[in-house]
Amino acid sequence: MQNSFDIVIATRNRPEALKLSIPYLLNNQDRLPEKFIIVDASDDHEAVRKTLDGIKNNLHQVVEITLIKSAFASSSYQRNLGLDLVTADVVIFPDDDSMFFPHAVDAMMQVYDLDTNQEIAGVCAAESIKPPPDFPVGSVYKEKISDTIRKMIGRFRYKAEHILCPDPFYLFGRKMISRYIPLIFFGQNNVVQVEYMTGFRMSFRSEIIKKHKFSEVFCGYCLFEDTDASFSTYKSGMLVGARNALIYHHKFPTKRSSGFIMGLLPVLNRAYIVAKHAPNDKRLLVHLKIYCLYKFIQYLVGGLKSQYAKDRARGASFGLKNMERLLSATTQQEVDHEYTTILNKIAAHQ
């Protein structure tokens, strides 16, 4: 029996990304969504609507696209808004710049179909460093060479970090993996268990993610809201990666936030998630503090390059000074309150 699926995309001020990515989601896939929902928080909503009207001419099959105007620019809020309209068995949450390889959707959905006992809560695709074969490299924004190199060395850096200074997310994810036994079909279908899922390539069983949703305590650029959702859904089943499904993340050149915020959130949001999901794990708390200090030093060394880099180091420092407030909270309500209070203090430090 095949599971049905819907697609939800949260976007803001990037109609050119949608114009490029949507055909990859709908063309060269055997299976199509029951609903294709786009939740837009753009300054020019009409420009997005016109872009979607033009995209229809490039689709191989007729698929109705529902466009919703969001009152707030927040990926968590926008995804939850789209999730309210989801009725299919599974919901896929690509980013607006996720380029799906041929049959990537099919490979992800096949995993859900094989999981007849519904032991899997979510399935993610594998990231491809290179774009799909027919990607129009010459006619779209070309990533900087530094971005390409960063992707290539990223995997090696992460492996080194796991040994020398492991991310608490990775450690907690390994702990979650140990709770579940791999299913019999994993090996022959190139499926592996994963610690958590990143936003541009994730999907969930709809019933499970509807129960937990994306945390709206995060606002604006909601860094790690995907990790938080992953850890929440682990309570209902395992998370796996469909290695036969490939997605290329073609990041468009729009700044997500200020240097201060981009230094703060990797520290503060990481502390929030650890406080929320593993408040009594003393070993994890130690690794959290070590890892966040490592990130601050990393930003501090890079702070010699530009004002943006200096602001990023300043943001990480602010996060380190305030993270104990989150870790000392005893209830989820207190964690949320302290997080919001810290964010309200930011204006005085920017």
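**Entry 1: N3 and its neighbours**

I started with N3 and looked up what it touches: R31, D89, V90, M109, Y112, D113 and R205, leaving aside residues up to four places away in sequence. A reminder to myself before going on: this is a predicted model. N3 sits in the segment before β1, which covers residues 5–11. Buried or exposed, I wondered about N3? N3 has a relative accessible area of 12%, and buried means under 20%, so N3 counts as buried. I also checked a distance along the way. N3 and V111 are 108 residues apart along the chain, yet their C-alpha atoms are separated by 9.8 Å.

**Entry 2: β1 and β2**

Next I moved on to β1 and asked how it pairs with β2. Five bridges join these two strands, and they run parallel. As one example, I7 stands opposite F36 in β2.

Then I looked at β2 itself, residues 36–40. This strand is mostly covered, with five of its five residues buried. Which way do the residues of β2 point? F36, I38 and D40 point one way, while I37 and V39 point the other way. Both sets are buried. I noted D40 in particular, since it is a charged residue in that list.

**Entry 3: the largest nonpolar core**

F36 and I38 came up again when I looked at the largest nonpolar core. That core has 105 residues, and the ones that touch the most other members are I22, F36, I38, F93, F100, I120 and L326. Which element gives the most to this core? The answer is α9, with 11 residues.

I picked I22 for a closer look. Not counting residues up to four places away in sequence, I22 touches F36, I38, L52, I55, L59 and I65. So two of the β2 residues I had just written down, F36 and I38, are on the contact list of I22.

**Entry 4: β6 and its two partners**

I120 from the core list made me turn to β6, residues 120–128. Why call β6 largely enclosed by the rest of the structure? Because eight of its nine residues are buried.

I then looked up which strands β6 pairs with. With β9, residues 238–249, β6 shares eight bridges, and the two run parallel. A126 has L246 as its bridge partner in β9. With β8, residues 201–205, β6 shares three bridges, and here the strands run antiparallel. On that side, G122 stands opposite F204 in β8.

**Entry 5: two positive phi values**

Just ahead of β6 I stopped at Q118, in the loop between α4 (104–114) and β6. Its phi is near 55°, a positive value in a residue other than glycine. Q118 has 47% relative accessibility, so it counts as partly exposed.

K213 gave me another case. Its phi is near 60°, again positive in a residue that is not glycine. K213 belongs to the loop between α7 (206–212) and α8 (225–233). With a relative accessible area of 29%, K213 is partly exposed.

**Entry 6: α8**

The loop of K213 leads to α8, so I checked how covered that helix is. Nine of its nine residues are buried, which makes α8 mostly covered. I wrote them down: E225, D226, T227, D228, A229, S230, F231, S232 and T233.

**Entry 7: the cavity**

F231 turned up once more when I looked for enclosed empty space. How many cavities of 30 Å³ or more does the structure hold? It holds one. The largest cavity has a volume of about 40 Å³. Its lining is made of P168, F169, F172, F231, I273, V274, H277, A278 and L284. Two elements give two or more residues to that lining, namely α6 (168–177) and α9 (259–277). Sorted by type, the lining has eight nonpolar residues, one polar and no charged.

**Entry 8: N189**

My last stop was N189, in the loop between α6 and β7 (191–193). Its relative accessible area is 18%, so N189 is buried. Apart from residues up to four places away in sequence, N189 touches Q110, L114 and N244.

Notes:
Residues are numbered from 1 along each chain as its sequence is written. This is a predicted model: local features need pLDDT of at least 70, side-chain atom pairs count only at pLDDT 80 or more; totals for chains, interfaces and linings use all residues. Side-chain values use heavy atoms; hydrogens and water are left out. On a 1 Å grid over the protein atoms alone, a cavity is a set of points where a 1.4 Å probe fits but cannot get out, and a pocket is an open set with protein on both sides within 12 Å along at least five of seven lines; lining residues have an atom within 4 Å of a point. Grid points are joined across faces, edges and corners, and a volume is the space filled by probe spheres set on the points. Helices (H or I, at least four residues) and strands (E, at least two) are DSSP runs, numbered from the N terminus. A nonpolar core is a set of buried Ala, Val, Leu, Ile, Met, Phe, Trp, Tyr and Cys residues joined through side-chain atoms within 4.5 Å. Buried means under 20% relative accessible area, exposed over 50%, partly exposed in between (1.4 Å probe, protein chains only). Contact means heavy atoms within 4.5 Å. Two strands pair if DSSP finds at least two bridges between them.
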